[in-house]
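Welcome! Here is a short guided tour for someone meeting this protein for the first time. Take a look at the structure, then read on.

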Amino acid sequence: MTGIVHLGLGNFFRAHQAWYTAEANDGWGIAAFTGRSPHAPGPRYKLITRGPETDEISWPGAITSTHSGLDRAAWTTAVASPETAIVTLTVTEAAYAGDDVPGRLVAGLAARKAANTGSLAIVPCDNLPGNGEVARRVVTEAARRTDPALAGWIAENVSFVSTMVDRITPASAPPEVVTEPFHEWVLQGAFPAGRPAWDVAGARFVEDVLPHEQRKLWLLNGGHSLLAYVGSARNLTTVAEAVDDPECRTLLETWWDEAAACLPLPAEEIRDYRAALVERWENARIRHLLAQIAMDGSQKIPIRVLPVLRRTRERGGMPVGAVRVLAAWHRHLHGAGAPVNDAGAARFASAATARDLLGELDPALAADDDLVTALDDELRVAAR
Ligand SMILES: NC(=O)c1ccc[n+]([C@@H]2O[C@H](COP(=O)([O-])OP(=O)(O)OC[C@H]3O[C@@H](n4cnc5c(N)ncnc54)[C@H](O)[C@@H]3O)[C@@H](O)[C@H]2O)c1
Ligand SMILES: O=P(O)(O)OC[C@@H](O)[C@@H](O)[C@H](O)[C@H](O)CO
């Protein structure tokens with residue numbers, strides 16, 4: 001049995017969802033489609049689980065076939081197959097803002113409706129808050145534009161599962177995938193046609209994924225973005241270098257204090273998570289490039305940094321850590337540190353003042369004079 005169709009055949013998928021499925025070892029397999037590449041690499045890959053001192057090698061075997069994402073016929077056939085119960089996605093944050101991925105999902109679901117092969121679950125695994133709800137919205141809107149009856153069928157037959165996914169997996173040369181020992185997967189939502197026993201490998205199925213998602217997106221991903229912009233401007237190359245740099249570390253702790261104050265979680269859980277993050281990031285045998293994390297900041301800053309900034313302002317505080325991340329990101333867009341690799345950057349880069357930059361992010365923030373002054377001061381410091 002195949003059971004799972006995946007879109008976005010990248011390293012994270014191989015180290016995470018494909019690994020969990022292999023560990024479940026209960027007969028499920030994955031037909032995996034590349035996101036954009038016309039050439040599909042083979043299904044076999046070597047997974048190097050890289051601890052601080054040793055490597056563990058495995059060859060997870062859950063991927064049963066691979067296909068080019070440009071092969072629309074293979075895609076619609078796979079989604080429509082009566083064997084398929086789940087569609088998983090790793091297509092980057094930016095893809096949810098475009099037309100291509102929603103369009104492909106709609107084409108697959110239209111074929112499934114026509115084949116009368118029943119309900120299924122769509123499981124996005126990108127670092128987006130409420131990724132299931134985001135997928136539901138963009139897919140439903142795309143379906144409504146072409147076929148309102150299909151939108152109705154989707155509402156009745158497709159479950160959009162929201163997930164928090166975590167396993168640091170830097171870019172590496174295929175067929176080798178390097179990942180860390182730590183892994184986490186928290187899922188909220190129904191699987192109307194069944195699922196693998198991913199819980200065997202530690203996945204958790206919860207009623208409310210939100211606090212897990214906020215913990216990860218703000219502390220881990222927000223911390224990553226901070227290190228990427230501040231650290232690369234200080235000529236550092238990797239996360240391990242940046243977390244050991246006193247200036248980056250002080251700012252990171254300031255940001256973490258601000259984010260922690262906004263998290264609906266017990267203090268000791270947050271303290272342990274922060275300590276574990278430092279340990280994970282200090283693993284210098286994982287070469288995680290700041291330049292990779294710096295990519296697509298226009299998609300990442302609004303979800304990793306702004307929620308904490310807004311909440312802190314609502315309580316009357318001044319989030320100095322968040323403000324410094326915004327200033328470092330703006331400076332990055334003007335040439336400091338890692339190269340700019342972000343199709344959505346232009347409008348933020350051309351913001352000439354602190355008020356303009358905040359206005360591009362959220363007009364309500366641009367009306368906050370104290371925040372504008374704080375960011376203005378930081379932009380001046382950063383420009384020196
Ligand atoms: N790498 C990690 O440590 C990690 C951890 C947690 C979550 N994630 C999530 O997984 C995503 C993929 O990470 P990765 O490390 O595998 O990256 P990757 O670059 O190896 O893979 C990205 C995949 O997305 C596809 N893609 C990109 N843009 C697309 C588009 N517009 N339309 C369709 N497909 C598109 C690519 O073709 C590729 O298959 C990340 O963006 C992130 O949201 C990654
Ligand atoms: O993968 P991205 O580009 O969304 O973000 C870069 C990193 O912050 C991210 O990959 C983390 O390493 C990952 O989310 C850890 O699970």
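## Around ligand 2

This is a predicted model, and a good place to begin is the surroundings of ligand 2. Helix α7 supplies the largest share of the shell here, three residues. The full set around ligand 2 is E93, N127, D166, R167, I168, L220, N221, H224 and I293. Sorted by class, this shell is made of three nonpolar, three polar and three charged residues.

Which domains contribute to the shell around ligand 2? Domain 1 (3–208) and domain 2 (211–383) each provide at least three of its residues.

## Around ligand 1

Now turn to ligand 1, which has 26 residues around it. Those that come nearest are G10, F12, G35, T92 and D126. Three elements, α1 (11–15), α4 (100–115) and β9, give two or more residues each to this shell. Of the elements, α1 gives the most, with three residues.

What classes of residue make up the shell around ligand 1? The shell divides into nine nonpolar, 11 polar and six charged residues.

## A three-stranded sheet

Strand β9, which we just met beside ligand 1, also belongs to an open sheet of three strands. The strand order is β9-β11-β12, and the pairing is mixed. β9 (162–166) and β12 (204–205) stand at the edges with a single partner strand each, so one side of each has no neighbour in the sheet.

How do β9 and β11 pair, parallel or antiparallel? β9 and β11 (residues 184–188) run in the antiparallel sense, joined over five bridges. As an example, D166 has E184 in β11 as its bridge partner. D166 is also one of the residues around ligand 2.

Helix α7 (residues 210–233) packs on this sheet and touches β9 and β11. The direction of α7 makes about 40 degrees with that of β9. This is the helix that gives three residues to the shell around ligand 2.

## Two domains

Stepping back, the protein chain is divided into domain 1 (3–208) and domain 2 (211–383). The centres of the two domains, taken over C-alpha atoms, are separated by 28 Å. Where they meet, 18 residues of domain 1 and 20 residues of domain 2 take part in the contact.

What is the make-up of the side of domain 1 that touches domain 2? By class, that side has 11 nonpolar, two polar and five charged residues.

Note on methods. Residues are numbered from 1 along each chain as its sequence is written. Chains are lettered from A and ligands numbered from 1 in the order in which they are written. This is a predicted model: local features need pLDDT of at least 70, side-chain atom pairs count only at pLDDT 80 or more; totals for chains, interfaces and linings use all residues. Two strands pair if DSSP finds at least two bridges between them. Helices (H or I, at least four residues) and strands (E, at least two) are DSSP runs, numbered from the N terminus. Two residues are in contact if their C-beta atoms, placed from the backbone, lie within 7 Å. Axes are lines fitted to C-alpha atoms, for helices over the stretch in contact, and angles run from 0 to 180 degrees between N-to-C directions. A residue is near a molecule or strand if its C-beta atom, placed from the backbone, lies within 6 Å of it. Ala, Val, Leu, Ile, Met, Phe, Trp, Tyr, Cys and Pro count as nonpolar, Asp, Glu, Lys and Arg as charged, and the others, Gly among them, as polar. Domain bounds come from an automatic or database domain assignment.
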